[in-house]
Amino acid sequence: MRVSVIGCGHLGIPHAAAMAEIGHEVIGVDLDQAKIDRLNAGECPIYEEGLPELLAAHTASGRLRFTTDLAEAAAFANVHFLAVGTPIDADGRSYDTGQVFGAARALAPHLTRPCVIIGKSTVTVGTTRDLATLLARLAPAGTDVEVVWNPEFLREGHAIEDTLRPDRIVVGVPSPHAEDVVREVYAPLLHNQIPLFVTDPATAELIKGAANAYLGMKISFINGVADMCAAADADVHQLTEAIGLDPRIGRGGLNAGPGYGGGCLPKDVRAFTASAQSLGALDAAALLRAAEQVNESRPAAALTLIEQTIGRPVAGARVTVWGASFKAGTDDVRESPALAIAALMHQRGAIVTVHDPHAVPTALVRHPELDYAEDLEESVKGAELIVLATEWPQFRDADPKALFALVEQPVLVDLRNLLNADTWRTAGWTVRQLGRPAQP
Ligand SMILES: NC(=O)c1ccc[n+]([C@@H]2O[C@H](COP(=O)([O-])OP(=O)(O)OC[C@H]3O[C@@H](n4cnc5c(N)ncnc54)[C@H](O)[C@@H]3O)[C@@H](O)[C@H]2O)c1
Ligand SMILES: O=c1ccn([C@@H]2O[C@H](COP(=O)(O)OP(=O)(O)O[C@H]3O[C@H](CO)[C@@H](O)[C@H](O)[C@H]3O)[C@@H](O)[C@H]2O)c(=O)[nH]1
């Protein structure tokens, strides 16, 4: 099939590459000419494992190309994936769907044939209906332009795997014909027994919000329990292993840490809370608001743990923060807890150096006030404290003996419970882990 993917960001690029991989002819569209030029040259503008290889293979084979021209996309394809951004609004609570409606308005005059728009962006409930009304009015093909919502569940760092082998495909369809088109698009995945969950558009929109809201709540729950463990000299890691064995709870997404970040969970929990409030579901809103409050308190909770560990305020201390991305496997620093903690310590007068294996360039744009080190060993020279904030394997595999010789004080706070603390302690380090006893 010939498909277009409108919006080439963290979702759109992997999706376009994956659609080419399963055999479609794909045209990716973005407003950003520089990005399009890089993509057409087979270059990958984001760090995502496996993506550069897929992009190079399919731009070379001619099955995948990129443009800024929506007219070209409309002439080429009869299926258009919508993968533009939905950042949080200026009010800080609901989605700014300007990119979604902007792209639809720009595409509409070129839609002269029947086609299906497959929305993948995360949106407020009711968006599919509003978009269908708009397109019926503006497109020459009128009501032959159908709008389907097909929320995306990929995780950054696993984007290719999650797109080619998702847990499930959810689709909200307005008609049996639209469902047939979706089945045809995803036929290679369905052939591999990936479940397809077909529903109405409003339910599909809410499924996406509910999934992310639940994931955020689960993380806030365990982070709140980590505070209890810290106060009771108990071990949150062991507690998690034990409760995670109950299949009703599950171990996945239950790691205590510096709070949930990224371009999705923080905004999606906020927007879902706001939807609950506006739909009059006040109990749901209160529950979700509590999860948000726990998350908002995490940088301050991390600072408390850090200051307890060094026995004084961080002002004047030379601190190295390991991690800038919001989690391992990506160079995305949107709402990164690692950078929030680094910035908070900087505000409190610490001399902060940040190191990340892949996200220093993206972090520098958002936090130019911080110092950065590209090299792990360089990052710790003269440090009085290391704060491990992102769970990159490079940090787990660092050699505590070699690093001991480089630091001013061998003290480390592990906010991800990533390290084997015994090994580090044996090498002479003072190690404090989140929600775990100060001394084993
Ligand atoms: N990042 C993820 O892992 C992920 C996963 C699931 C769902 N989502 C959702 O997918 C959507 C996109 O997220 P993202 O992280 O890829 O955002 P992003 O900001 O990385 O990318 C959005 C892209 O859309 C482009 N764009 C904006 N308006 C356009 C237009 N009119 N025509 C063409 N291109 C346009 C922007 O230039 C940008 O490159 C959001 O709704 C997000 O919540 C993201
Ligand atoms: O046990 C956990 C799991 C995650 N996190 C943190 O939570 C945030 C989000 O992590 P994750 O969910 O892995 O990342 P995303 O790539 O943002 O993916 C989420 O957001 C996407 C966009 O909506 C969805 O598609 C995915 O299903 C959903 O997992 C990160 O800061 C993680 O460090 C934890 O603290 N503990």
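Start by selecting helix α10 (residues 201–232) and helix α12 (residues 265–278): their axes come within 8 Å and cross at roughly 115°. Axes here are lines fitted to C-alpha atoms, for helices over the stretch in contact, and angles run from 0 to 180 degrees between N-to-C directions. Helices (H or I, at least four residues) and strands (E, at least two) are DSSP runs, numbered from the N terminus.

Before going on, note that this is a predicted model, where local features need pLDDT of at least 70, side-chain atom pairs count only at pLDDT 80 or more, and totals for chains, interfaces and linings use all residues. Residues are numbered from 1 along each chain as its sequence is written, while chains are lettered from A and ligands numbered from 1 in the order in which they are written.

**Stop 1: α10 on α12**

How are α10 and α12 oriented to each other? They are roughly perpendicular, a label for angles of 65 to 115 degrees, with under 35 counted as roughly parallel, over 145 as roughly antiparallel and the rest as oblique. The crossing of α10 past α12 is left-handed, that is, the near helix is turned anticlockwise from the far one by less than a right angle (clockwise would be right-handed).

Now show G209, A210, N212, A213, L215 and G216 on α10, and L265, D268, V269, A271, F272 and S275 on α12; these make the contact. Two residues are in contact if their C-beta atoms, placed from the backbone, lie within 7 Å. By class, this contact has 7 nonpolar residues, 4 polar and 1 charged. Ala, Val, Leu, Ile, Met, Phe, Trp, Tyr, Cys and Pro count as nonpolar, Asp, Glu, Lys and Arg as charged, and the others, Gly among them, as polar.

**Stop 2: α12 on α13**

Keep α12 and add helix α13 (residues 282–296); the two axes come within 8 Å and cross at roughly 155°. That makes the pair roughly antiparallel, and this crossing is left-handed. On α12, pick P266, V269, R270, F272, T273, A276 and Q277; they meet L282, A284, A285, L288, R289, A291, E292 and N295 of α13. The contact divides into 9 nonpolar, 3 polar and 3 charged residues.

**Stop 3: α10 on α13**

Next, hide α12 and look at α10 with α13, which pack at an angle of about 55° with their axes 9 Å apart. These two helices are therefore oblique to each other, and α10 passes α13 in a left-handed crossing. Select A213, G216, M217, S220, N223 and G224 in α10, which meet L288, A291, V294 and N295 in α13. Here there are 5 nonpolar, 5 polar and no charged residues.

**Stop 4: zoom out**

Colour by domain: the assignment, which is automatic or from a database, gives domain 1 (2–199), domain 2 (208–296) and domain 3 (298–433). The C-alpha centres of domain 1 and domain 2 lie 29 Å apart. Their contact takes 12 residues from domain 1 and 11 from domain 2, and the domain 1 side has 6 nonpolar, 4 polar and 2 charged residues.

Finally, show the whole protein, with its 20 helices and 14 strands. The C-alpha trace spans about 70 × 50 × 40 Å along its principal axes.
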